[in-house]
Amino acid sequence: MIKRAIVLVVLFISGCASKPFKPPSYEYEDWTSVDKLDTKKAILECGNVTPFNSPNMTNSEYTLFFRCMIKSGFQPKKYHLETYDNMCNDPKGAFCGTDMHGVMHCQPRPQACDLPWDKIPDRNITQRFESDYCKHKIYRTYPVCQP
């Protein structure tokens, strides 16, 4: 019985070896900024649906979001920069990656990668206020959803 418990503890701890006991970061933590509230507002104003993650964004939507954040003066941390580089600077001209089964999938390079900076959307405060996140009955009272 004790051996089983030890094995389970070792397996549990080894699963956390790369980042022990650290959950994945939130979206707003992936951008270099002094003010987390301003970062959260910028994320919503640049078209993300929540300041906490990027659910169900197409590569094109993600690229526009990423470039809007850069245009707004935010600097991405390593994860975002690698994802963007893979999508927009892949030498084959396509974003390729493997799924959870190890099967390689390639998608066309997003057209947003080639847009000039003056065609990249600016932060839009109306977009933040009209987001589903800020319309939610609980979240609309949060500071990120206030003027």
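Which residues of the largest nonpolar core touch the most other members? In this predicted model, that core comprises 17 residues, and those touching the most other members are Trp31, Ile43, Tyr62, Phe65 and Met69. Three helices, H2 (36-45), H3 (59-71) and H4 (78-88), each supply at least two residues of the core, and the greatest contribution is that of H3, which gives five residues. A second core, separate from the largest one, consists of five residues, among them Leu44, Tyr133, Val144 and Cys145.

The protein chain as a whole contains six helices and four strands, which follow one another from the N terminus in the order α-β-α-α-β-α-β-β-α-α. Of its 147 residues, 30% count as buried, while the area exposed by the chain amounts to about 10,100 Å², of which carbon and sulfur atoms supply 59%. Among the contacts with a separation of 6 or more, 56% are accounted for by residues that lie 24 or more positions apart.

Confidence in the prediction varies along the chain. The average pLDDT is 78, and 74% of the residues score at least 70. Among the elements, the highest mean pLDDT, 95, belongs to helix H5 (residues 125-130), whereas the lowest, 49, belongs to helix H1 (residues 2-14). Across residues 7-19 the pLDDT is below 50, and this stretch has three contacts in the model beyond near neighbours in sequence. Where pLDDT is low, predicted coordinates should not be read in detail.

Methods. Residues numbered from 1 in each chain as written. Predicted model: local features only at pLDDT ≥ 70, side-chain atom pairs only at ≥ 80, totals over all residues. Heavy atoms only, no water. pLDDT = per-residue confidence, 0-100. Contact = heavy atoms within 4.5 Å. Core = buried A, V, L, I, M, F, W, Y, C linked by side-chain atoms within 4.5 Å. Buried < 20%, exposed > 50% of the residue type's maximum accessible area, 1.4 Å probe, protein only. Areas by Shrake-Rupley, 256 points an atom, 1.4 Å probe, with all protein chains shown as cover.
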